[in-house]
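User: I would like to learn how to read strand and cysteine features from a structure. Please take one case at a time.

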Amino acid sequence: MGFTIGGNRDMRSGSRRRGRTSESTTVAEYTGLWGWDVVPGARAARSSGGGRNECSCGDHGCPSPGAHPLSFAPGVPAGATMDAAAAAWEQVPGAAVLLPLGRSFDVLEVAEYAGGHALVRLERMGLPLGPVAVTPHGRAQFFVAPGAAAELPELLYRMGWDDADLDLRCLGPGDHITAPPSDLGGLGPVRWLRPPTLDTAGRPPHARLVLGTLAYLSHRAGA
């Protein structure tokens, strides 16, 4: 797969231009259009022996191959231009695009089955929604206002879901998610169920507006 992150920089000019066009445009869209910070992430590939995926970070015992930030690579801040995004990504060719949480948004994550049904129900109810992504291993990620991770226990308690066995978690400060269309851990690309728009990217809903529906459908799917 030509893993060049942190290693060989001698890519052919044509390949570099093609990579720059796709990856840099994606990064510039996230930073310049949606106003999100972006962090370069590791990539994964199946080992030559057909065993577990190997991580481009170079750690053969990496616990999260292809699903974590590159410690040596600086992030690209919100508002960065196309030129700035291109310059940053040329230093880490092949890097995955990761979004740090706790700044512009947190993420409520449920099983894809429950998330898909919740999205349809929430749209029919006319409730405000932010972007929603789905991972190749079957998790739906609802973007909500920052602070949700800290508030989740209290919100679940107030809604009467604190004692329920829910396949639901909230990711916040210190966590990262892989952004579409980057590959997640060698499993395939992350994709949008509900892509960001100018109205939703900078103003994701408060978690309480969607949590009840997510909790109910997560509980129902588990039952």
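Analyst: We may begin with one residue: Leu193 belongs to strand E10, residues 191-194, where strands (E, at least two residues) and helices (H or I, at least four) are DSSP runs numbered from the N terminus. The model is predicted: local features need pLDDT of at least 70 and side-chain atom pairs pLDDT 80 or more, while totals for chains, interfaces and linings use all residues. Residues are numbered from 1 along each chain as its sequence is written, and side-chain values use heavy atoms, without hydrogens and water.

User: What is the strand order of the open sheet of 5 strands?

Analyst: Strands of a sheet pair through backbone hydrogen bonds, either parallel or antiparallel. Here the order is E8-E5-E7-E6-E10, with antiparallel pairing; two strands pair if DSSP finds at least two bridges between them. E10 and strand E8 (168-171) are the edge strands, each pairing on one side only. Within the sheet, 3 bridges join E6 (residues 132-134) to E7 (residues 139-144), and Ala133 has Gln141 as its bridge partner in E7.

User: Which residues does Leu193 touch, leaving aside those up to four places away in sequence?

Analyst: Contact means heavy atoms within 4.5 Å. By that criterion Leu193 touches Leu119, Val132, Ala133 and Val134.

User: Why does the search of the whole structure find 0 disulfides?

Analyst: A disulfide is a covalent bond between the sulfur atoms of two cysteines. The criterion is a pair of cysteine sulfur atoms within 2.5 Å. For Cys57, the closest cysteine sulfur, in Cys55, is 3.5 Å away, too far for a bond.
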